[in-house]
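Please open the structure in your viewer and keep the selection panel at hand. This tour names a place to select at each stop and then says what is there.

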Amino acid sequence: MLDIKIEKTKNPKAKPTGPLGFGKIFTDHMFIMNYTEGKGWHDARIIPFGNLEFSPASMVFHYGQEMFEGLKAYRGDDGNTYLFRPDMNAKRTNATNDRLCIPNLPEEDFVQAVKAIVKTDEDWVPTEKGTSLYVRPFIIATDDFLGVAPSKTYLFIIILSPSGAYYASGLEPVDIWIEDDYVRAVKGGMGFAKTGGNYAASLAAQVKAHDAGYSQVLWLDGVERKYIEEVGAMNIFFKIDGEIVTPMLNGSILPGITRDSVLTLCRDWGYKVSERKISVDELIEAQKSGKLEEVFGTGTAAVISPVGKLRYKDDVMTIGDGSIGEVSQRLYDTVTGIQTGKLEDKFNWRQTVK
Ligand code: PLP
Ligand code: COI
């Protein structure tokens, strides 16, 4: 159990009134905890949200030793605030930490810290349909040192951002660019970890895709550029001839919590579900023969995002009739229904913030 000191702000900000967008507005408080070698994690505190001061020699600025997570707090119709599977974010935090040589954080401390900061700023959880309070825990290396080595000190910080849909299009299908030149990650690298470097590596292709009118990049494997991996901020699913298919976890893609939840739901509903290799050729073939029935992305920020078009080299594949598919809609309704307390929580995924 962490002993969390709380210092409340004397200048609470006005709550946002217009559309929230994603990740642009921050609440009144933040959680901070230090790590020092030999002492462990210490000085857990909640303080007013504000700038922090760092030495320009801080290691995170030079070699990117950092990790982050993303989850959401939802306002239920019953007035409760809910989290969705925060224990999974805690587990993934340590999987990332292991890869980045960042010290582990006890899972129960992670969940306690998330609940404490969300409780402190509970009046910032937005209430409109499709909105939530995005929770961004992250750890940065803070030694002042220019040598390449794991830092001996760190900060674990959690900030909160009331948010709407991740894509400006909301539940409207997004158009996706299959990247055949740049790659995001390879097995043995950091692809499975949630660390800034993976996202820095993705920017050049994302800019290229945006310039061509596409909102996200779908990555291919880094070795053969042949097999589907994942999208910039979500995992990807296909419904091919009745079967729900997603790339298997292979070390280079992020093991998404929404991905895991969608697999569980689809299996529970009796669909044939496979986690396997899917080549881009298989997709093109399936689309040409009318068997590519649905494509959707899954992620905390993106929830369930139907894909309207996929572009690969000169091929532009329109998925179904370009509108949201039946399974995507059912998953969206079920996942958001569980998250907001409207639907039965058969798998015990929901936690109440008390
Ligand atoms: N893949 C990437 C690269 C992501 O950034 C995310 C978002 O967190 C996901 C997949 C989906 O993961 P999750 O469902 O845990 O949010
Ligand atoms: C999330 O879905 O939580 C993410 O972290 C995606 C993010 C890169 C915006």
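Begin by selecting strand β16 (residues 303–312) together with strand β17 (residues 315–318), which pair in the antiparallel sense over four bridges. What you have on screen is a predicted model, and every stop below should be read with that in mind. Within this pair, find Lys-309 and look across to its bridge partner in β17, Thr-318. Then move to the turn of the hairpin, where two residues lie between the strands and Lys-313 takes a positive phi near 50°.

Stay with Lys-313 and show its side chain along with that of Asp-180, since the two meet in a salt bridge at 3.0 Å, N to O. Lys-313 belongs to the loop between β16 and β17 and Asp-180 to the loop between β9 (174–178) and α4 (196–200), so this pair ties together parts that are 133 residues apart in sequence. Lys-313 is partly exposed, with a relative accessible area of 43%, and Asp-180 is likewise partly exposed, at 23%.

**Other salt bridges**

How many salt bridges does a search of the whole structure find? There are 16, and a few of them are worth selecting in turn. Take Asp-260 and Arg-85 next, whose side chains meet in a salt bridge at 2.9 Å, N to O. Because Asp-260 lies in helix α6 (residues 257–268) and Arg-85 in the loop between β6 and α2, the pair ties together parts that are 175 residues apart in sequence. Asp-260 is partly exposed, with a relative accessible area of 28%, whereas Arg-85, at 9% relative accessibility, counts as buried.

Now select Glu-282 and Arg-276, where the side chains again meet in a salt bridge, at 2.9 Å from N to O. Glu-282 counts as partly exposed at 26% relative accessibility, and Arg-276 is also partly exposed, with a relative accessible area of 24%. To finish this part, display Arg-259, Arg-267 and Glu-275 as one selection, because these residues are linked in a network of salt bridges.

**Strand β5 and its neighbours**

Move next to strand β5 (residues 71–75), four of whose five residues are buried, so that the strand is largely enclosed by the rest of the structure. β5 is joined to β7 by three bridges, and the two strands run antiparallel; to see the register, select Ala-73, which stands opposite Leu-133 in β7. Three bridges also join β5 to strand β6 (residues 81–84), again in an antiparallel arrangement, and here Arg-75 stands opposite Thr-81 in β6. The hairpin of β5 and β6 has five residues between the strands, among them Gly-79, which takes a positive phi near 90°.

**The nonpolar core**

Which residues touch the most other members of the largest nonpolar core? Select Phe-31, Phe-156 and Ile-158, which do so in a core of 36 residues. The elements that give two or more residues to this core are β2 (29–36), β3 (40–48), β5, α2 (86–100), α3 (107–120), β7 and β8. The largest share, seven residues, comes from α3. In soluble globular proteins, nonpolar side chains tend to be buried together.

**A nonpolar patch on the surface**

For a contrast, turn to the surface and select Tyr-63, Leu-146 and Val-148, which make a nonpolar patch of about 340 Å². Val-148 is found in the loop between β7 (132–141) and β8 (153–163). Is Val-148 buried or exposed? At 70% relative accessibility, Val-148 counts as exposed.

**Ile-228 and helix α8**

Select Ile-228 in strand β11 (residues 228–231), where its relative accessibility of 4% makes it count as buried. The C-alpha atom of Ile-228 is separated by 10.0 Å from that of Ile-253, which is 25 residues apart from it along the chain.

The last stop is helix α8 (residues 326–339), whose 14 residues should span 20 Å at 1.5 Å a residue, which agrees with the 20 Å between its end C-alpha atoms. Ten of the 14 residues of α8 are buried, so this helix is largely enclosed by the rest of the structure; the buried residues include Val-327, Leu-331, Tyr-332, Val-335 and Ile-338. Beyond α8, select Gly-341, which follows the helix and has a positive phi, near 85°.

Key: Residues are numbered from 1 along each chain as its sequence is written. Chains are lettered from A and ligands numbered from 1 in the order in which they are written. This is a predicted model: local features need pLDDT of at least 70, side-chain atom pairs count only at pLDDT 80 or more; totals for chains, interfaces and linings use all residues. Side-chain values use heavy atoms; hydrogens and water are left out. Patches are made of residues with over 30% relative accessible area and no salt bridge: like charges are joined within 9 Å, nonpolar side chains (Val, Leu, Ile, Met, Phe, Trp, Tyr) within 5 Å. Accessible areas come from the Shrake-Rupley method with a 1.4 Å probe; for residues, only the protein chains shown count as cover. A salt bridge is a side-chain nitrogen of Lys or Arg within 4 Å of a carboxyl oxygen of Asp or Glu. Buried means under 20% relative accessible area, exposed over 50%, partly exposed in between (1.4 Å probe, protein chains only). The expected span of a helix is 1.5 Å times one less than its number of residues. Two strands pair if DSSP finds at least two bridges between them. A nonpolar core is a set of buried Ala, Val, Leu, Ile, Met, Phe, Trp, Tyr and Cys residues joined through side-chain atoms within 4.5 Å.
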